[in-house]
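Please open the structure in a viewer and keep the sequence panel visible. The tour below proposes a series of selections and describes what each one shows.

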Amino acid sequence: MKSKNRVSFPRGGRVALSVALALMLPATSLMAQGAGGGQPGGQEAAEAGGPGNDPFNLPDTVTLFGKNTPNLRRATAIVNGDIITGTDVDQRLALVLAANGGKISDEERTQLRAQVLRNLIDETLQIQEAKTADATIDDAEVDDTFARVAQENFHQDVKALDAYLTRVGSSSASLKRQIKGELAWQRVLRKNVQPFINVSQEEVKELIAKMQAQKGTDEYHVGEIYLSATPESKPSVAANANRIMDQLRQGGSFVAYARQYSEASTKVVGGDLGWVRLSQLPTELAAAARDMQPGQLTGPVEMRGGFSILYLIDKRKVLTSDPRDAILALKQISIEFPKGMSEADANKRATEFSTAIKGAKGCGGVDAAAQKIGAQVVANDQVKARDLPAALQQTILGMQPGDSTQPFGSVAEGVRMLMLCGREEPKDASAPNFDQVLGQMEDERVNKRAQIYMRDLRRDAIIEYN
């Protein structure tokens, strides 16, 4: 299986849960300015095979004997003696469907069910390995993490989360099993892999120097869903990638789809590659990302060994302050329209509203002006420019204190304006310190080893499909 190596290994016991729910936030790279990282492919890509690289010397055409009905025979599985039941699969599948509002075709549901079963098999292998390595997770740890997930990700207490999971067709037991699997795997890696990872001081210093030399160059925060393909499977994989793109365009969660479908190691963090420069990406992906704007999807992009779907989360310049990080002091002034007001009357009222606010002579006079026309004023002096809607960011960043935006809104929702009262400019970004770079490099090497570790567990497992 082809893998990506840029993924943050959770340190200090932090759980990067790969629960496929849209409300789950993607983990991000530990090092804010991106310390580089391996490119896709490498040794594992060579082992995966490809055009002109067949380790088994298979014939170009093959004849299959018997009828192939994998979906009928692979509903459940027994992994080294541990049973994965149909209920386990159904409840985990329900989590994924909840993330996408249940908007999924029957064909995709069948494919997703098979993927869920593969995920459960890996999870079982990880829990088993933790037991073998004497790195087991007790129920109290799982319960504590479950409670934290309820609070931090769902803003609910445990009972409310239990009720929600039951309502969508899943259960707290299913989510707790997933939590246990990820905690167990992290503990295995900390015990059996991390102690044997070494990064020299010279390597860290060299990387920091390289980052300083690249100051001002463009850097991209990219998400990726990677699907591997052989020459024979290319048509079906391409079709599957296009189906995923269709679902994402219709509002599907990129994080959820990456966690369930991507075959890169970054699947556990929702496909998040972190901050990368174009030179770090394969040629095909670099060409696609170069012209993308934040929030844009592209793909599937055909590349050696498979297809990728890219999502540009953000864009910035290396070690250079971003104007969007400015802290703004704003006042929002708003009016509502009576029900049934015509669009013409609403436009006239909005024009009068705009004239009154622009004539207020700055933030000091806007409250009195708003009171005269029956408008409401809300002040906030800690607004980061990047948190505003994209359509307003550049407008406000070009304003001077006392300036206001044009009115925006609708007849149904009313109209509002934003007035700039002050701005605190962002400081130049500094390079990550030595410890941050060291941690990132260690994390990347741990994850490379983890990929090999997991591959070996799959290879040695005894799996019976029912």
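The tour begins with the whole protein, then turns to strands and finally to helices.

**The whole protein**

The model on display is predicted. With every residue shown, the protein contains 15 helices and 11 strands. Of its 466 residues, 46% count as buried. A surface display corresponds to about 23700 Å² of exposed area, of which carbon and sulfur atoms supply 50%. Contacts may also be considered along the sequence: among those between residues at least 6 apart, 78% join residues at least 24 apart.

**Strand 3 and its partners**

Select residues 218-228, which form strand 3. Is this strand largely enclosed or largely open? Because 9 of its 11 residues are buried, strand 3 is largely enclosed by the rest of the structure.

Add residues 306-317, which form strand 6. Strand 3 and strand 6 are paired antiparallel, with 11 bridges between them. To inspect one position in this pairing, select His221, which lies opposite Asp314 in strand 6.

Next, add residues 272-276, or strand 4. Strand 4 is also antiparallel to strand 3, and 4 bridges connect the two. Here, select Val222 together with its bridge partner in strand 4, Gly274.

In a regular strand, side chains alternate between the two faces of the sheet.

**Helix 15 with helix 4**

Two packed helices are described by the angle between their axes and the distance between those axes. Select residues 434-460 for helix 15 and residues 106-132 for helix 4. Their axes are 10 Å apart, at an angle of about 100°. Helix 4 and helix 15 are therefore roughly perpendicular to each other.

Which residues of the two helices meet? From helix 4, show Asp122, Leu125, Gln126 and Glu129; from helix 15, show Tyr453, Met454, Leu457 and Arg458. Coloured by class, the residues of this contact comprise 4 nonpolar, 1 polar and 3 charged.

**Helix 15 with helix 8**

Keep helix 15 selected and add residues 201-213, which form helix 8. The two axes come within 10 Å and cross at roughly 110°. Helix 8 is therefore roughly perpendicular to helix 15.

On the helix 8 side of the contact, select Gln201, Glu203, Val204, Lys205, Leu207 and Ile208. These meet Phe434, Val437, Leu438, Met441 and Arg445 in helix 15. The contact of helix 8 with helix 15 has 7 nonpolar, 1 polar and 3 charged residues.

Terms used: Residues numbered from 1 in each chain as written. Predicted model: local features only at pLDDT ≥ 70, side-chain atom pairs only at ≥ 80, totals over all residues. Heavy atoms only, no water. Axes fitted to C-alpha atoms, helices over the stretch in contact; angles between N-to-C directions. Helix = DSSP H or I, 4+ residues; strand = E, 2+ residues; numbered from the N terminus. Parallel < 35°, antiparallel > 145°, perpendicular 65-115°, else oblique. Contact = heavy atoms within 4.5 Å. Nonpolar A, V, L, I, M, F, W, Y, C, P; charged D, E, K, R; others polar. Buried < 20%, exposed > 50% of the residue type's maximum accessible area, 1.4 Å probe, protein only. Areas by Shrake-Rupley, 256 points an atom, 1.4 Å probe, with all protein chains shown as cover. Pairing = 2+ DSSP bridges.
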